[in-house]
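Open the model in your viewer and keep the selection tool at hand. This tour goes from stop to stop, saying what to select next and what is there.

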Amino acid sequence: MTDFPTSIWPALLVAVPITFALGTVFFAAAGRMWSGLAGSVATTLVSALAIAAAVREGGLIHHLGGWEPPLGILLRLDPLAAVFIGMTALTGIAVSFYAASYLRSQDDLPRGASLFWPLWLMLWAGLNGMFLSNDLFNLFVAIEVVGISAVGLAVLSGKPPALMAGLRYLLVAITGSMSYLFGVALLFGAYGTLDLTLLSAAVEPGATTVFALVLMTLGLMAKSAFFPLHFWLPPAHGSELPPVSALLSALVVKGSFYILLRLWAEVFGVSLTFAAGQLIGVCGAAAVIWGSWQALNQDRLKLIIAHSSVAQLGYLLMVFPLLILAPGTAVAVASDWTSSAWTAAVYQTLSHAFAKSSLFLAAGVIVIAAGHDCRESLLDLVARRPMTAFAIGLAGISLTGLPPSGGFFAKWMLLKAAIASGQWWWAPAVLAGSFLTAGYVFMILRLAFAPGNSDTENRPVPRGLESAALLLAVASFFIIVPAEAVISFLESSAPFGSAIVPGEGGVLP
Amino acid sequence: MTLQQWLPLLILISSLVPGCIIFLLREEQVALRTVLNLGGAVAKVVLVAWVFLAYRAGETFAFDFALAPDLTFSLRVDQLGLFFAGLSAVLWLVTTVYAIGYLEGAPHRRRFFGFFSMCVTASTGIALSGNVVTFFVFYEFLTLATYPLVVHRGTEKAVNAGRTYLWYTIGGGSVLFVAVVGLFVIAGPVYFGDTHVIAGLMEENRTMMTVLFFLMLAGVGVKAAIFPLHGWLPVSMVAPAPVSALLHAVAVVKAGAFGIVRLVYDVYGVELASSMSLLTPLAVLAAFTIIYGSVRALFQDDIKKRLAFSTVSQLSYIALGVAVPGVLSSTGAIVHLVHQGIMKITMFFAAGNIAETYGFHKVSQLNGIGRRMPWTMASFTVAAFGMIGLPPVAGFVSKWYLSLGAFDAGSPWVVVVLLVSSGLNAAYFLPIVYRAWFCEPDGAEVHKLCGPANLETRAFLLAPVVITAGFSLAAGIFAAAPNSPLTFARQIAERLYLP
């Protein structure tokens, strides 16, 4: 087997974090941190090597145990998955170092806080599983792993509001998974396969497919906190430990979005209509405006950031109507804008992941320094903690979509796709979103520039915490630099760049 | 690429890099910071002069860098861009000197000078942008770089002004963003000067191109403070005096006015724009803004507020000149970019000197100030005469060309607007001049708050105001000289109307 060394990478991407997650359980708190950190570094290394291999070979396929579908299970590391894995690794490693420093320096944490490490590594394995699986049941397992470890992380702080929010999150996660699983069962009953590639060839229009589509879409939307199923996110993400908020907001919601995008593009084309895309797009536009408006009206920094997630995720939904062809549009014509729409989806995902995790990490710094995250905690931040203020500024600018940030590039592509496809009505929503985002970002910055009162506490903060926040903020800017290379890598393989043609099968090769 | 090809980039770097280093310095490293500031400013002037000489010798400059798909970062050198870059570079040097004197001993100077340098980087970037996308990037960067300067003092008033400033500029920026993307979808990357690209697309997309024109106009119109988008300008005069000078003369409003010039002359082309009657609404709005700004200025007792409304009015001279087709009008509009800059900066420097030295902020406090600060008030008087349009100060030249152009284009109503405006200018500036020189000081004894005993104020504050007043006089007296702003403006304008 000459191809053994490279085709093993997809399996390692899941196996390595699981191994370390199990390993950390055998240590007490201090050792758990070191082994957890080692696991993060190892997983990041594996991710880097796997991405390098995928770039070299244009994608990797791994058959677990050597069995081929429909009997065996297939892991597919295609360019789209590689980019998502890279995003997870970069965010993950920065948050890991932050968490190590955070958990060590805080002495008012509950005793179970070191469980962060096994839970986080399990979460990482689950996310990688979501990106790699090419099979509906495997995806379900990955979703469950992610959901359970995310709920575990959410209640780590042990405070009553976190427990309440965590319970609510658990209910949504379970309901979402069940809804998804029901859809899987319907499809399996109808077509006898769970493999995405085989399924995309087999699906036929009809009530069963439509019902499965609706169930799975709703389940995934709830898990991604897409409007109007977003209600659980702000309280949950607003009350967790900072590294956990960062991971959940940046990565976990993106996992279910990724699956939704894949399923719509690869499997459900037969049952989709132009109107369905418009409906999802309206949800997105409403999320952008509602979420930003809510963020503007929050008093606590972490709640502002959490509501902002609802809005920023809305931009992702606005990609769907641009991917679905209107009746009578030729695929060749549409390639003008579908490629832009896919680019928008990927870049919005990346820039939001980095910017949002940076903001939550910076909020953690502020909570340590001031003891709380009410408006007063931000006063005079520019003078007291210039590095954190700078991180918030950069990340906020990227969220707003001002040039030359990653968020700007995403919005450029989204607007371009909207105008080129003739669906100019999305432009006002994008515009209003930027405007409102600028509103809450500069509300934060305005406080940061205002002179503080002398009784604001300013406790020392480990330098590493501030650096991690700044690193991610810088990343949300610099992802624009390799954009040319990233996009040509993505374009080398379907479904990236292809249109969803209503009534026709998926786009898998 | 030879070294010369890198010059446009070096012009940007000459303020970007000092700015970045200043952020990293400690607050108390005053000497090093001052050296960096002045060194960068001098370097920028030298570099612009070098590019200018090379350009005159027939050298072409093109620095293109593909930042991302669709987004090509492009710096080009043309006469109009150089004109604006020269204005920014020279006035920045003067303002830097002034700011160093003004902020002596004030807190947070590191932050101030850092963003100050970013601000001028953005405005020279706007000047040298080769295409619409690059222009947009620097235009937004300018918003971000000026916000911290507006709120610099951190008082409630400053912070509120910053909020108003942002709502306007971010709103304008968003509208401009949509329009720039729309233009890109229809016409691809539009380079300034390639007016035939748009002209070729006109047939098929007439409505769309009209909509895009007005969206872009609204986008740049915010910074150019055209009514009803001017609301931020009078509010943000709470910023420190050097910032006001920068905002009102060099960077922000000029970026907007320059944007209008670029949009009409170098994106759509003046012929196409006037044949589609895109310019009439602009002319009407500009004329209204001129009168409106002047009338509002009449009723302000706060010196800086009066100056701010005057800026609203004076800026629209540029827009009005652009909106009236013809070589003479265009000359008037382009030359007023510079003339308004040097005159208005003089007035803000003078107002800053009075506020710093005696703590006066109201027109009604100025009785007899001319005797205490003869140099400052003499400079102010020169600039005020220029604003009114009295020869031989620069403002006269602008108004003269704008009027000639209006007659040429068969729009005598423009001349009426100019005359009325001149009358109003006189009505709100002459009282200040009168009080300063001819009224007896009020009874109460006043004391100097700062400055040496043998000089009316600190030398760093006095030199800039005298220099820019000198510029205002020289630009008027030597208007016909081969290297005057007028000559350049005329050359640029003539090239626009070549067959």
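Begin by selecting residues 74-77 of chain A, which form strand E2, in a model that, please keep in mind, is predicted rather than determined by experiment. Both faces of E2(A) are covered: A:Leu74 and A:Arg76 lie on one side, A:Leu75 and A:Leu77 lie on the other, and all of these residues are buried. Now add residues 60-63 of chain A, which make up strand E1, and you will have the partner of E2(A), since the two strands pair in the antiparallel sense over four bridges. To see how the strands line up, pick A:His63, which stands opposite A:Leu74 in E2(A).

Which residues does A:Asn138 touch, leaving out those up to four places away in sequence? Select A:Asn138, which has its place in helix H6, residues 136-154 of chain A, and show its surroundings: A:Asn138 touches A:Ile73, A:Leu75 and A:Ser133. One of these, A:Leu75, is a residue you have already met in E2(A), where it is buried. A:Asn138 itself counts as buried because its relative accessibility is 17%, and the cut-off for that word is under 20%.

Next, select residues 427-449 of chain A, which form helix H19. If each residue advances the helix by 1.5 Å, the 23 residues of H19(A) should span 33 Å, and the C-alpha atoms at its ends are 32 Å apart, which agrees. While this helix is highlighted, switch on the rest of the chains around it: 19 of its 23 residues are buried, so H19(A) is largely enclosed by the rest of the structure. As you look along a helix of this kind, it helps to remember that an α-helix has 3.6 residues a turn, so residues three or four places apart point the same way.

Move on to A:Ser405, which sits in the loop between helix H17 (386-400) and helix H18 (406-420) of chain A. Is this loop residue buried or exposed? At 0% relative accessibility, A:Ser405 counts as buried. Draw a distance from its C-alpha atom to that of A:Ile480, and you should find 6.6 Å, although the two residues are 75 residues apart along the chain. Setting aside neighbours within four places in sequence, A:Ser405 is in contact with A:Ile397, A:Ser398, A:Ser476, A:Phe477 and A:Ile480.

Now step back and show chain A as a whole, with its 21 helices and two strands. Its radius of gyration is 22 Å, close to the 23 Å that the globule rule gives for 509 residues, so chain A is as compact as a globular protein of that length. Along the principal axes, its C-alpha atoms fill a box of roughly 70 × 55 × 40 Å, and buried residues make up 65% of the 509 residues.

Turn to chain B and show it in the same way; its secondary structure comes to 21 helices and two strands. A compact globule of 499 residues would have a radius of gyration near 23 Å, and chain B, with 22 Å, agrees with that. The C-alpha trace of chain B spans about 70 × 55 × 45 Å along its principal axes, and 63% of its 499 residues count as buried.

Within chain B, select residues 62-68 and 71-76, which are strands E1 and E2, paired in the antiparallel sense over six bridges. B:Asp64 has B:Ser74 as its bridge partner in E2(B). The two strands form a hairpin with two residues between them, and in that turn B:Asp70 has a positive phi of about 80°.

Then select residues 132-150 of chain B, helix H5, whose 19 residues should span 27 Å at 1.5 Å a residue, in agreement with the 27 Å between its end C-alpha atoms. Since 18 of these 19 residues are buried, H5(B) is largely enclosed by the rest of the structure.

Finish with the cysteines. A search of the whole structure finds zero disulfides over all chains. Select B:Cys119, which is in no disulfide, and you will see that the nearest cysteine sulfur, that of B:Cys20, is 14 Å away. B:Cys119 is buried, with a relative accessible area of 0%, and in the other chain A:Cys283 is buried too, with a relative accessible area of 17%.

Note on methods:
Residues numbered from 1 in each chain as written. Chains lettered and ligands numbered in written order. Predicted model: local features only at pLDDT ≥ 70, side-chain atom pairs only at ≥ 80, totals over all residues. Heavy atoms only, no water. Buried < 20%, exposed > 50% of the residue type's maximum accessible area, 1.4 Å probe, protein only. Pairing = 2+ DSSP bridges. Expected span 1.5 Å × (residues − 1). Rg over C-alpha atoms; globule rule 2.2 N^0.38 Å. Disulfide = S-S within 2.5 Å. Contact = heavy atoms within 4.5 Å.
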